[in-house]
Amino acid sequence: MTILIKNANEVITLKDHVQGPRTKEQMRDIAIVENGSVLIEDNRIVAVGAFEQLVVDFPDFIKNAELVDAAGKVVMPGLVDCHTHLVHGGTREQEFNMRLNGSTYMEIMNAGGGIHATTKRTRETSFEQLYKKTMQHLDVFLKHGVTTVEAKSGYGLDWETEKKQLEVAKKLQETHSVDVVSTFMGAHAVPRDYKGHEDDFVELVIQEMLPKVAELELAEFNDVFCEKGVFTPEQSRRILEAGKARGLTPKIHADEIEPYKGAELAAEVGAISAEHLLVASDEGIQQMAEAGTIAVLLPGTAFFLRAPFARGRLMIDEGVPVAISTDFNPGSSPTMSLPFIMNLACMHMGMTLEEVLTATTINAAYAINRGAQIGSLEADKQADVILLDVANYKQLQYFYGMNHTNTVIKNGRIVVQNGILLEQEH
Ligand SMILES: N=CN[C@@H](CCC(=O)O)C(=O)O
Ligand SMILES: [Zn+2]
């Protein structure tokens, strides 16, 4: 099938001039084509540019193309949400209410709530129920213009449930329009019954879970919650190195609640990304810049936990490639709206309108090792394209707290039209 998107007020191409995630002023270069067109054949982008030029270059394609009129709209690459805890049982609105009444996130977790509460619910939820629940979440992501989602396990903390989460993600990757990229996060918390002998759980992750994840090809990445009271930097290092030895690329939840030299560890072990970084040190930021570690910033978590926001402005100025993401999870960030998160990044982390577009497309794609396939509108890339009901990209954040997604083309197929999700094959 051939599709021609025509008459767009602006096509934000984010064309790749550099190979790899963008840094500093590169993050502001979003490469706009005014009154632009995008030509798609099957699941690939053929060309992006002025209609008059495409007619000359591709007359045969254009003759047969289905026309999508983007007059009055902005066209850009599908959004990439590169950090979520997508597959989980239950919800935790009761804890939200407790936090509003004065309890802290870590107090609730240490009392058996938090990640432990969701672990219990996820263990109790059947594969089928989890699959259905997660499918509905993916539908919401898609309606908000998100075409690729990273999904972490970590609400099992035993092999059976970790495997169940990863298999739900794998099945959805096969059946749902949204692409799902899996991360193993067996080290998301120390299970309550390992209290006092935490190292035994670290060994369980390293000796038993990681080898099976690799053998069954259930994940590409290996993540750990490096935080005071959860996993120490030393335990985190062992888990990440063990994953590397099995072919899993390291990621790390770092310096979220207390400074713990997580950013430094990310740079040292060659992690593709370090996530959160609310309280990352100056040295840690410097080391990430030198190592090229992507900072995946999650302003929704700071907002929802009423914590200080990560120093996004400083990180960009220091040369760290920055991506932003929802961190969708039932405790610290229960939102599926990446556009809302983009607004928080502008308002609370000092990021510009152009930088947040880069951070949720090409840089987010690189954070999950997909930079060569998605994240920009260029010939030969996967045809993941969204049409937004705004006159220019500045209106995206100006008209805040709204979903502007009109049309989503995923892998060359129209899956959302006039804001409505078209029938999916599940
Ligand atoms: N910080 C650790 N993990 C999640 C929260 C998980 C939860 O509260 O259920 C996060 O990234 O914010
Ligand atoms: Zn997370």
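This report describes a predicted model, moving from its nonpolar core to the residues around its ligand and those listed in a database record.

Because the model is predicted, local features are reported only at pLDDT of at least 70 and side-chain atom pairs only at pLDDT 80 or more, while totals for chains, interfaces and linings use all residues. Residues are numbered from 1 along each chain as its sequence is written, and chains are lettered from A and ligands numbered from 1 in the order in which they are written.

**The core**

A nonpolar core is here a set of buried Ala, Val, Leu, Ile, Met, Phe, Trp, Tyr and Cys residues joined through C-beta atoms within 7 Å. A residue counts as buried if 20 or more other C-beta atoms lie within 10 Å of its own, as exposed if there are 12 or fewer, and as partly exposed in between, with C-beta atoms placed from the backbone. The largest such core holds 129 residues, and the members that touch the most others are V38, V75, A295, L297 and A345. Helix α8 (residues 198-215) gives the largest share, seven residues; helices (H or I, at least four residues) and strands (E, at least two) are DSSP runs numbered from the N terminus. Since domain 1 (2-77 + 375-421) and domain 2 (79-368) both contribute residues, this core lies between them, the domain bounds coming from an automatic or database assignment.

Two residues are in contact if their C-beta atoms, placed from the backbone, lie within 7 Å. Neighbours within four places in sequence aside, L297 is in contact with L277, A310, G312, V322, I324, A345 and M349. In helix α14 (338-348), the buried residues are L338, P339, I341, M342, N343, L344 and A345, and just after this helix G350 takes a positive phi of about 70°.

**The ligand and the recorded sites**

Around ligand 1 there are 13 residues, of which I115, F225, N329, G331 and S332 come nearest; a residue is near the molecule if its C-beta atom, placed from the backbone, lies within 6 Å of it. This shell has three nonpolar, eight polar and two charged residues, where Ala, Val, Leu, Ile, Met, Phe, Trp, Tyr, Cys and Pro count as nonpolar, Asp, Glu, Lys and Arg as charged, and the others, Gly among them, as polar.

An unreviewed UniProt entry lists R92, Y155, H188, E256 and S332 under "binding site", and under the same feature name it lists H83, H85, H253 and D327. Although these last four span 245 residues in sequence, no two of their C-alpha atoms are more than 12.1 Å apart, so they gather at one spot. Such annotations may be inferred rather than shown by experiment.

The table gives the C-beta neighbours within 10 Å for some of the listed residues.

| Residue | Burial | C-beta neighbours within 10 Å |
|---|---|---|
| Y155 | buried | 30 |
| S332 | buried | 26 |
| H83 | buried | 30 |
| H85 | buried | 27 |

Y155 lies in the loop between β7 (146-152) and α7 (159-175), whereas S332 is placed in the loop between β13 (322-324) and α14. Leaving out residues up to four places away in sequence, Y155 touches H88, T118, T119, T122 and Q165, and S332 touches Y105, T301, F304, L305 and D327. H83 is in the loop between β6 (79-81) and α3 (93-100), and H85 is also between β6 and α3. With the sequence neighbours up to four places away again left out, H83 touches E150, E275, V296, L298, S325 and D327, and H85 touches K152, G154, F328 and N329.
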